[in-house]
Amino acid sequence: MIVPPHLPLAALPTPLQHRPDLGAALGRKAFWVKRDDLTGHSWGGNKVRTIEYLLGDAKAQSCDMVVLCGGPTSNFAALMTAACTAHGLETVQVSYGTEPSPKPAALAVGEAAGATIRYTGSVDRSTMEDAADALADVLRAQGRRPYPVPRGGATVIGALGYAHAAGEVRRQLRLAGIDALTLVIPVGSGGSIAGLLAGFLFDFEGDDKESPLDVELIGVSVSRPPEALRDEIDAKARGCGERRLRLANVRCRWELVDGRGAGFNRYDADDAAFVDELMRRSGLLIDTTYNGKALRWLRDLLPQTDRSILYWHTGGALAVADRLGSPRHPSPYHQETK
Ligand SMILES: Cc1ncc(COP(=O)(O)O)c(C=O)c1O
């Protein structure tokens with residue numbers, strides 16, 4: 001088996017919980033939650049799994065710093081900075097726009113962890129990757145060994161974290177007696193869902209002997225229109241599974257749906273009321289950028305089904321604190337974006 005470099009950070013496996021309380025609030029039976037809000041590094045969330053493989057790769061390549069792309073509210077950027085600093089790598093974060101006021105908690109955490117922030121001055125989010133590549137070239141010419149990372153850590157290497165998460169949840173589902181499910185997950189850069197897809201299609205853990213599983217995987221896109229992201233996700237999943245055996249006993253089909261609602265990083269009064277009610281009923285923290293959008297899509301637009309529903313909670317706790325600490329409509333960080 002091919003084992004890529006990997007730096008363990010997360011407390012795994014994260015719990016798979018049967019949550020009739022949330023199911024009732026969303027008008028669903030047989031409702032389960034995969035608690036990747038509890039990944040256990042810094043404040044947790046889905047990106048911790050991604051960072052394990054990116055940092056492992058950076059270390060394996062003897063890089064001495066990371067140049068990563070991430071806007072002011074990027075959970076990925078702050079979590080990656082925290083991990084890099086703790087493992088001896090300097091971090092530069094390239095953000096779009098200009099320095100925001102008020103400062104989102106994610107940005108403050110990244111800075112406190114040691115990130116130097118560079119702003120591109122443009123509201124176009126795609127300026128970040130160009131600026132990061134240019135900066136990496138300059139740094140190389142100065143004798144540094146930078147490891148450039150696009151938004152969300154969405155590379156084939158980063159996706160490996162979620163390819164392994166697919167194996168993890170498969171084992172948990174077998175123990176729970178579930179062999180057919182609809183899995184819903186919020187999608188930003190698409191790196192996490194690409195990894196999950198790879199992990200349901202290809203063998204990453206020698207678990208081809210696991211019991212059969214039928215998965216309907218639904219990604220709820222919260223920032224870009226689905227048609228702008230579908231092919232990218234598909235290509236990344238295939239790149240991630242390259243040279244691996246196809247899993248014979250998992251049937252997986254996937255789709256990407258539009259959950260942008262009020263727009264990326266924006267929420268309206270209905271979004272706020274929806275997540276507040278869900279938080280009161282479940283005790284979970286639910287952000288309006290990712291999980292609130294995906295759960296709202298699930299409540300309103302997922303057709304009723306007899307299959308078990310598995311909602312993949314991706315974290316976002318700092319955005320909950322931002323919103324509750326500074327409740328404004330639209331949200332203060334919508335200087336976003338293209
Ligand atoms: C809390 C949270 N949920 C979901 C996502 C989306 O994950 P991905 O970018 O891998 O699609 C992100 C991305 O940063 C995130 O921070």
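In this predicted model, the largest nonpolar core has 38 residues. Within this core, the residues with the most contacts are Leu183, Leu196, Phe200, Val215 and Leu217. Two or more residues each come from H6, S7, H7, S8, helix H8 (230–241), S9 and S10, and H6 gives the most, with eight residues. Phenylalanine 200 offers a convenient view of how these parts meet: leaving aside its neighbours within four places in sequence, it is in contact with Ala166, Val169, Arg170, Leu183, Leu213, Val215, Leu247, Val250 and Cys252. Two of the residues listed for the core, Leu183 and Val215, thus appear among the contacts of phenylalanine 200. A second, separate core of 25 residues is also found, and it includes Val48, Ile51, Ala77 and Met80.

The sheet comes next. Six strands make up an open sheet in the order S1-S2-S10-S7-S8-S9, and their pairing is mixed. Strand S1 (16–18) and strand S9 (250–258) stand at the edges with a single partner strand each, so one side of each has no neighbour in the sheet. From one strand to the next, the twist averages 25°. At the S1 edge, S1 and S2 pair in the antiparallel sense over three bridges, and leucine 16 has lysine 34 in S2 as its bridge partner. Helix H10 (residues 291–301) packs on the sheet, where it touches S2, S7, strand S8 (213–221), S9 and S10. The direction of H10 makes about 165° with that of S10.

Strand S10 (residues 308–313) deserves a look of its own. In the sheet order, S10 sits between S2 and S7, and its pairing with each of them is parallel. Strand S2 (residues 31–35) pairs with S10 over five bridges, with valine 33 opposite tyrosine 311. Strand S7 (residues 180–187) pairs with S10 over four bridges, and here leucine 183 stands opposite leucine 310. Leucine 183 is also one of the residues with the most contacts inside the largest core. S10 is mostly covered, with six of its six residues buried. On one side of the strand, the buried residues are Ser308, Leu310 and Trp312; on the other, they are Ile309, Tyr311 and His313. Both faces of S10 are therefore covered, since "buried" here means under 20% relative accessible area.

Further along the sheet, strand S8 holds serine 221. This serine counts as buried, because its relative accessibility is 0%. Leaving aside neighbours within four places in sequence, serine 221 is in contact with Val187, Leu229, Leu256, Val257, Asp258, Gly259 and Arg260.

Tryptophan 312 of S10 also takes part in one of the two aromatic pairs counted in the model. Its partner is tyrosine 162, with 5.7 Å centre to centre and 55° between the planes, and the pair is tilted. Tyrosine 162 lies in helix H6 and tryptophan 312 in strand S10, so to speak a link between distant parts of the chain, 150 residues apart. Both tyrosine 162 and tryptophan 312 are buried. The other pair joins phenylalanine 264 and tyrosine 290, whose ring centres are 6.1 Å apart; with the planes at 70°, the pair is edge-to-face. Here the link runs between two loops: phenylalanine 264 is in the loop between S9 and helix H9 (269–282), tyrosine 290 is in the loop between H9 and H10, and the two are 26 residues apart. Phenylalanine 264 is buried, with a relative accessible area of 13%, whereas tyrosine 290 is partly exposed at 24%.

Helix H2 (residues 47–60) completes the picture. The 14 residues of H2 reach 20 Å from the first C-alpha to the last, close to the 20 Å expected at 1.5 Å a residue. H2 is mostly covered, with 12 of its 14 residues buried. Among these buried residues are Val48 and Ile51, both of which belong to the second core. Charged residues are on the buried list too, including Lys47, Arg49, Glu52 and Asp57. The buried residues of H2 pack against S2, helix H3 (75–86), strand S6 (146–149), helix H6 (156–176) and helix H7 (191–201). After H2 comes serine 62, whose phi is positive, near 55°.

How values were computed. Residues are numbered from 1 along each chain as its sequence is written. This is a predicted model: local features need pLDDT of at least 70, side-chain atom pairs count only at pLDDT 80 or more; totals for chains, interfaces and linings use all residues. Side-chain values use heavy atoms; hydrogens and water are left out. Buried means under 20% relative accessible area, exposed over 50%, partly exposed in between (1.4 Å probe, protein chains only). Two strands pair if DSSP finds at least two bridges between them. Axes are lines fitted to C-alpha atoms, for helices over the stretch in contact, and angles run from 0 to 180 degrees between N-to-C directions. Contact means heavy atoms within 4.5 Å. The expected span of a helix is 1.5 Å times one less than its number of residues. A nonpolar core is a set of buried Ala, Val, Leu, Ile, Met, Phe, Trp, Tyr and Cys residues joined through side-chain atoms within 4.5 Å. Rings of Phe, Tyr and Trp (its six-membered ring) pair if their centres lie within 6.5 Å; planes under 30 degrees apart count as stacked, over 60 as edge-to-face and the rest as tilted.
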